[in-house]
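Visitor: I'd like to learn how to read helix packing and ring pairs in a structure. Can you walk me through it?

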Amino acid sequence: MKIMIKNNIKTIIRTFHISADYISHEFRKIYGISPINYVIDRRLNDAKWLLINTNQSLVSISEKVGYENTSYFSKLFEKRIHYSPLEFREKYKK
């Protein structure tokens, strides 16, 4: 996922002859969030859905949403969501 995002930004930069800083500034102006934080939020929202609606392992979910390091994913999830992934699953699973 990271590679695809970087490649897409590089393509935009080359095609439109604009800087990465300009893209980031415009993105933030329009959406109120930086591109990287948008990506993180999307990944964590996808992870929350998978935690609630599947029985997939944390390792599998972490990889599916773009994090190879499950420990890093868990720490980031807890920092942003205020629950560990497994606590979140227990609390919200249907």
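Guide: Sure, and keep in mind that this is a predicted model. Two packed helices are described by the angle between their axes and the distance between the axes. Here, helix α3 (residues 35-53) packs against helix α5 (residues 70-81) at about 95 degrees, and their axes are 11 Å apart.

Visitor: What does that angle make α3 relative to α5?

Guide: Roughly perpendicular, because angles of 65 to 115 degrees count that way.

Visitor: Which residues in α3 and α5 meet?

Guide: From α3 you have N37, I40, D41, L44, A47, K48 and L51, and from α5 there are F73, L76, F77, R80 and I81. This contact of α3 with α5 has eight nonpolar residues, one polar and three charged.

Visitor: And how do I read aromatic rings?

Guide: A pair of aromatic rings is described by the distance of the centres and the angle of the planes. The whole structure has eight aromatic pairs. Take F27 and Y38: their ring centres are 5.7 Å apart and their planes sit at 65 degrees, so the pair is edge-to-face. F27 is in helix α2 (residues 20-31) and Y38 is in helix α3, so this pair ties together parts eleven residues apart in sequence.

Visitor: Are F27 and Y38 buried or exposed?

Guide: F27 is partly exposed, at 21% relative accessible area, and Y38 is partly exposed too, at 35%.

Visitor: What about the pair of Y67 and Y72?

Guide: Those ring centres are 5.9 Å apart with planes at 45 degrees, so the pair is tilted. Y67 is buried at 6%, whereas Y72 is partly exposed at 47%. Both belong to a cluster linked by ring pairs, along with F73, F77, Y83, F88 and Y92. R43 also lies over the face of Y67, 4.8 Å from the ring centre.

Methods
Residues are numbered from 1 along each chain as its sequence is written. This is a predicted model: local features need pLDDT of at least 70, side-chain atom pairs count only at pLDDT 80 or more; totals for chains, interfaces and linings use all residues. Side-chain values use heavy atoms; hydrogens and water are left out. Axes are lines fitted to C-alpha atoms, for helices over the stretch in contact, and angles run from 0 to 180 degrees between N-to-C directions. Helices (H or I, at least four residues) and strands (E, at least two) are DSSP runs, numbered from the N terminus. Angles under 35 degrees count as roughly parallel, over 145 as roughly antiparallel, 65 to 115 as roughly perpendicular and the rest as oblique. Contact means heavy atoms within 4.5 Å. Ala, Val, Leu, Ile, Met, Phe, Trp, Tyr, Cys and Pro count as nonpolar, Asp, Glu, Lys and Arg as charged, and the others, Gly among them, as polar. Rings of Phe, Tyr and Trp (its six-membered ring) pair if their centres lie within 6.5 Å; planes under 30 degrees apart count as stacked, over 60 as edge-to-face and the rest as tilted. Buried means under 20% relative accessible area, exposed over 50%, partly exposed in between (1.4 Å probe, protein chains only). A charge sits over a ring if NZ of Lys or CZ of Arg is within 6 Å of the ring centre and within 35 degrees of the ring normal.
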